[in-house]
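The exercises below are meant to be worked through slowly, with the structure open beside the page. Try each task before reading its solution.

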Amino acid sequence: MKIIPCPSSPLLARRIAEVAGLEMGNVTFKKFPDGELYVRVEDCSEGIIVGSICSNDDLVAITLLLDAVENAKVVVPYMGYARQDRAFKDGEAVSIRVVAEILERRAEEVITVNIHSKQAASHFKKLKDLDAMPTIGKHFAGRDVIMISPDKGSMERVKVAAEHANCEWDYLEKTRIDATTVEIAPKSLDVENRDVIIVDDIISTGGTMVEAAKKLYELGARSVSAACVHAVLANYAAIKLFNSGIRDILATDTIECAFSRISVAKLIAENI
C-alpha cells in the first residue's frame, strides 16, 4: 500500500506518508497540447490517492488514477463542488451528487475533511468526513485568545475548536433595532482589548470575514486574525482580508498555499 499524490496535494501526501509510515507511489502526470491529462502509476497495485479537488483538472486526475490503481481509497481533503449540494433553481445539476458517483464508482472509500454540509455528505455512500476543528483548536492552545464564529451557522464548529484551544468562544449575532438598523455583536463576550480569532470552515471570497473583522475592531478588539480549514481565497481574498485589518490568516493544508500552516496529515493518517 502506497500513498499516491495528486498535483493538488503533493506536500500533504508526503506528510501523510511520513506519519503513516507508508511509501510514496511513483506517479507521472502530463498534459497534452489539447488539454487532455495523462497519468501513470508505477509498481503500485494498491494505493491511497491523495488530492483535493480545487479545479476540474484535479477531478479528472483523481478519476484517471482510480482507473490506474486497483483497490484504491481516495482522500479528497478539500471536496470541490460540495457547495452545489442541491438544485437551488429548476434545471440545475446537483454537482456534488455527480462527483460522488464518479468517485465511488471505483474507490473503496472516500475520505474528506469538513465537507461543506450534511446535505453534501448525504450524496455519498462510502464517505468518511473528518473534522479538522480540533486540530485548529490545538494550534492555539495556551494562547490568550477568544474564538468567534462569524455567524450562528458556524457556531458548533467554533465551539469544538475552542474546547481544544481551551479558550472562550462566541458568535456574532444580528439584532434588528428598527426597520433600517441591524446591530451585529458577539452574543455574550466582550472583545475589548482582546486578541480575536474568527474561525470558519472555509474562506472563499472573504466577504464574511471582512465584515466580521470590521465589526470586531469597532467593538474594541486589540487584534483580529482569521483561521479556517479550507483557504480557497478566491478573487484576491487575502488582500481584502489584510486591508480590513486582519493580522494573520491561518489555514490547514487541505488546500496548499502560503497560509497552510496547520497540517491535517496526522488526522488523515489515523483514518486511512
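**Exercise 1. Cysteines**

How many disulfides does the structure hold? For Cys 54 and Cys 167, find the nearest cysteine sulfur and decide whether each residue is buried or exposed or in between.

*Solution.* Keep in mind throughout that this is a predicted model.

Step 1. A disulfide is a covalent bond between the sulfur atoms of two cysteines, and the cut-off used here asks for the two sulfur atoms to lie within 2.5 Å. The structure holds 0 disulfides.

Step 2. For Cys 54, the nearest cysteine sulfur belongs to Cys 257 and is 9.5 Å away, so Cys 54 is in no disulfide, given that the pair would have to lie within 2.5 Å. For Cys 167, the nearest cysteine sulfur is that of Cys 228, at 16 Å, and Cys 167 is likewise in no disulfide.

Step 3. Buried means under 20% relative accessible area and exposed means over 50%, with partly exposed in between. Cys 54 has a relative accessibility of 42% and therefore counts as partly exposed, whereas Cys 167, with a relative accessible area of 15%, is buried.

**Exercise 2. The largest pocket**

What is the volume of the largest pocket, and which elements give two or more residues to its lining?

*Solution.* Step 1. The volume of the largest pocket is about 340 Å³.

Step 2. Its lining is made of 14 residues, and those closest to the centre of the pocket are Asn 114, Ile 115, His 116, Asp 129 and Arg 157.

Step 3. Two or more lining residues come from each of helix H4 (118-121), strand E8 (127-130) and helix H6 (155-165), and the largest share, 3 residues, is that of H6.

Step 4. Sorted by character, the lining of this largest pocket has 5 nonpolar, 4 polar and 5 charged residues.

**Exercise 3. The second largest pocket**

Which element gives the most to the lining of the second largest pocket, and how do the residues of that lining divide into nonpolar, polar and charged?

*Solution.* Step 1. The second largest pocket holds about 220 Å³ of space, and of the 16 residues that line it, Asp 200, Asp 201, Ile 202, Ile 203 and Thr 208 lie nearest its centre.

Step 2. Strand E12 (195-203) and helix H7 (207-218) each supply at least two lining residues, and E12 gives the most, with 4 residues.

Step 3. The lining of the second largest pocket divides into 3 nonpolar, 8 polar and 5 charged residues.

**Exercise 4. The surroundings of Ser 52**

Where is Ser 52 found, and which backbone oxygen does its side chain reach?

*Solution.* Step 1. Ser 52 is in the loop between strand E5 (46-50) and helix H2 (56-68), and its relative accessible area of 0% means that Ser 52 is buried.

Step 2. The side chain of Ser 52 reaches the backbone oxygen of Thr 254 at 2.5 Å.

Step 3. Not counting residues up to four places away in sequence, Ser 52 touches several residues, including Ser 9, Asp 58 and Thr 254.

Step 4. Follow two of these partners. Ser 9 lies in the loop between strand E1 (2-5) and helix H1 (10-20) and is buried at 0% relative accessible area; leaving aside neighbours within four places in sequence, the contacts of Ser 9 include Ser 52 and Thr 254. Asp 58 is placed in helix H2, is buried at 12% relative accessible area, and touches Ser 8, Ser 52 and Ile 53 when residues up to four places away in sequence are not counted.

Technical notes: Residues are numbered from 1 along each chain as its sequence is written. This is a predicted model: local features need pLDDT of at least 70, side-chain atom pairs count only at pLDDT 80 or more; totals for chains, interfaces and linings use all residues. Side-chain values use heavy atoms; hydrogens and water are left out. Buried means under 20% relative accessible area, exposed over 50%, partly exposed in between (1.4 Å probe, protein chains only). On a 1 Å grid over the protein atoms alone, a cavity is a set of points where a 1.4 Å probe fits but cannot get out, and a pocket is an open set with protein on both sides within 12 Å along at least five of seven lines; lining residues have an atom within 4 Å of a point. Grid points are joined across faces, edges and corners, and a volume is the space filled by probe spheres set on the points. Ala, Val, Leu, Ile, Met, Phe, Trp, Tyr, Cys and Pro count as nonpolar, Asp, Glu, Lys and Arg as charged, and the others, Gly among them, as polar. A polar contact is a pair of N or O atoms within 3.5 Å; within protein, one must be able to donate a hydrogen and the other to accept it, and residues adjacent in sequence count only if both atoms are side-chain atoms. Contact means heavy atoms within 4.5 Å.
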